[in-house]
Structure formats: C-alpha cells, structure tokens
Amino acid sequence: MTSFVVRSSRRTEAIEITDLVERACHQSGISEGLVLVFVPHTTAAVFVNERADPCVARDIMEVLSRLVPEDFPYSHQEGNAPSHVRATLLGASVTLPVRAGKLQLGTWQGIFLAEFDGPRERRVMVVPVEAPGRGP
Ligand code: ZN
C-alpha cells in the first residue's frame with residue numbers, strides 16, 4: 001500500500017489525482033487485479049468522472065453544494081455538517097481494474113479527490129490487490 005498527500009486551496013474543490021494514482025499503482029508493481037483508492041477523512045471523498053472538461057467536476061461539486069444546504073438544522077455543531085453529508089454522498093473510496101500494470105479507466109474518465117471542508121491536507125491511500133493466479 002502507498003499513499004500521497006494532496007493540499008486543497010478552497011473550502012469546496014475537486015482535485016484531479018489520476019496521475020498520482022497511476023504513479024502509486026506503477027510503484028506497487030501490480031500487473032493484474034484491482035486498486036482501491038481510499039481517503040481516510042470524513043469531509044473529503046473520491047469519485048470517478050470526466051477529466052477532459054474540468055467543468056464537469058465543477059458542476060458535480062456545485063450541484064452537491066446546492067443539494068445539501070448550509071442552513072439545514074443539523075445536529076452536528078462543529079460547523080461543517082454539510083461537508084460531512086456531501087462527502088458521504090460521494091463515498092470515501094473507489095475501486096478500479098488494473099490490467100498489464102495500467103489503470104483501466106475509460107477514455108474520458110479521471111479520478112478526483114472531492115474536498116468539502118478545505119483548505120487542508122488530505123491523505124489518499126492506494127491499495128493494490130493483485131488477482132490470484134490461475135487455478136489448476
Ligand atoms: Zn464535523
């Protein structure tokens with residue numbers, strides 16, 4: 001398992017991490033199997049979607065901001081309750097297929113860290129799971 005740190009610069013922001021995950025995947029030496037990308041945080045998330053047009057990730061973040069209102073009567077009094085809810089909607093991990101040592105992302109797909117309570121440093125863990133060898 002490897003990990004890397006991403007520094008966000010705004011409260012809410014999608015940061016593309018595809019190349020960093022590719023590098024971690026390559027360093028792990030995995031050839032065929034799965035890679036788990038996990039963020040050990042409660043107000044950040046990861047998702048896979050279009051990387052070609054950065055407007056798509058921005059739209060996703062903007063819609064999540066509107067779906068989860070700031071003025072809801074939350075019980076959590078730390079002041080970041082909507083950040084927790086937004087992160088939960090996307091989830092803390094994605095699992096991706098690896099073949100011949102390469103992430104099998106679609107042509108337009110990229111991996112994003114979703115920051116909902118920045119700016120701060122976030123850790124991203126990359127856990128390779130090599131496929132078991134062919135049975136007898
Ligand atoms: Zn909180």
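## Strands 4 and 7, and the sheet they belong to

Strand 4 and strand 7 (residues 109-115) run antiparallel and are joined by seven bridges. Two of the pairs are handy for finding your way along this ladder: Ala45 stands opposite Ala114, and Glu50 has Gln109 as its bridge partner in strand 7. Keep in mind that this is a predicted model.

These two strands are part of an open, antiparallel sheet of three, in the order 2-7-4. The edges are strand 2 (13-16) and strand 4 (44-50), each of which pairs on one side only. Neighbouring strands here are turned against each other by 35 degrees on average, ignoring direction. On the strand 2 side, four bridges make the antiparallel link to strand 7, and Ile15 stands opposite Leu113 there. So how enclosed is strand 7 by the rest of the structure? Largely, because six of its seven residues are buried.

## Helix 3 across the sheet

Helix 3 (residues 81-90) lies across strand 4 and strand 7, and runs at about 45 degrees to strand 4. The buried residues of this helix are Ala81, Pro82, Ser83, Arg86 and Ala87. Their cover includes strand 4 and helix 2 (54-67). After helix 3 comes Gly91, with a positive phi near 100 degrees.

## The zinc site

Now for the metal. Four residues coordinate the zinc ion: His76 through NE2, Glu78 through OE, Asn80 through OD1 and His84 through NE2, at 1.9 to 2.2 Å. Along the sequence, the donor residues follow the spacing H-x1-E-x1-N-x3-H. One of them, His84, falls within the residue range of helix 3 (81-90).

Why does the arrangement count as irregular? The angles subtended by the four donor atoms run from 92 to 154 degrees, and a tetrahedral label would need every angle to lie between 85 and 135 degrees. Two of the donor residues also contrast in accessibility: Glu78 is exposed, at 57% relative accessibility, whereas Asn80 is buried, at 8%.

## The five-strand sheet and helix 1

There is also an open sheet of five strands, antiparallel and ordered 1-8-3-5-6. Its edges are strand 1 and strand 6, which each pair on one side only. Six bridges tie strand 1 to strand 8 in antiparallel fashion, and within that pairing Val5 has Arg123 as its bridge partner. Helix 1 packs on this sheet, where it touches strand 1, strand 3, strand 5, strand 6 and strand 8. The direction of helix 1 makes about 160 degrees with that of strand 1.

Helix 1 is also where you'll find Glu22. With a relative accessible area of 24%, Glu22 counts as partly exposed. Glu22 and Thr42 sit 20 residues apart along the chain, and their C-alpha atoms are separated by 24 Å.

## Two nonpolar cores

In soluble globular proteins, nonpolar side chains tend to be buried together. Here the largest nonpolar core has 20 residues, and those with the most contacts inside it are Ile17, Val37, Leu103 and Val124. Two or more residues each come from strand 1 (2-7), helix 1 (18-28), strand 3 (33-38), strand 5 (93-99), strand 7 and strand 8 (121-130).

Which residues does Val37 touch, leaving out those up to four places away in sequence? The list is Ile17, Val21, Val46, Ala92, Ser93, Val94, Leu96, Val124 and Met125. A second core, separate from this one, has nine residues, including Ala45, Phe47, Leu64 and Ala87. Two of those have come up already: Ala45 stands opposite Ala114 in strand 7, and Ala87 is one of the buried residues of helix 3.

## Backbone oddities in the loops

Two loop spots are worth a look. The peptide bond joining Gly118 and Pro119 is cis, with omega about -5 degrees, and Pro119 belongs to the loop between strand 7 and strand 8.

The other is Ala100, in the loop between strand 5 and strand 6 (102-103). Its phi is positive, about 50 degrees, even though Ala100 is not a glycine. Is Ala100 buried or exposed? Ala100 is exposed, since its relative accessible area is 68%.

Key: Residues numbered from 1 in each chain as written. Predicted model: local features only at pLDDT ≥ 70, side-chain atom pairs only at ≥ 80, totals over all residues. Heavy atoms only, no water. Pairing = 2+ DSSP bridges. Axes fitted to C-alpha atoms, helices over the stretch in contact; angles between N-to-C directions. Contact = heavy atoms within 4.5 Å. Donors = N, O, S within 2.8 Å, 3.2 Å for Na, K, Ca; no water. Tetrahedral: all angles 85-135°; square planar, octahedral: opposite > 155°, others 65-115°. Buried < 20%, exposed > 50% of the residue type's maximum accessible area, 1.4 Å probe, protein only. Core = buried A, V, L, I, M, F, W, Y, C linked by side-chain atoms within 4.5 Å.
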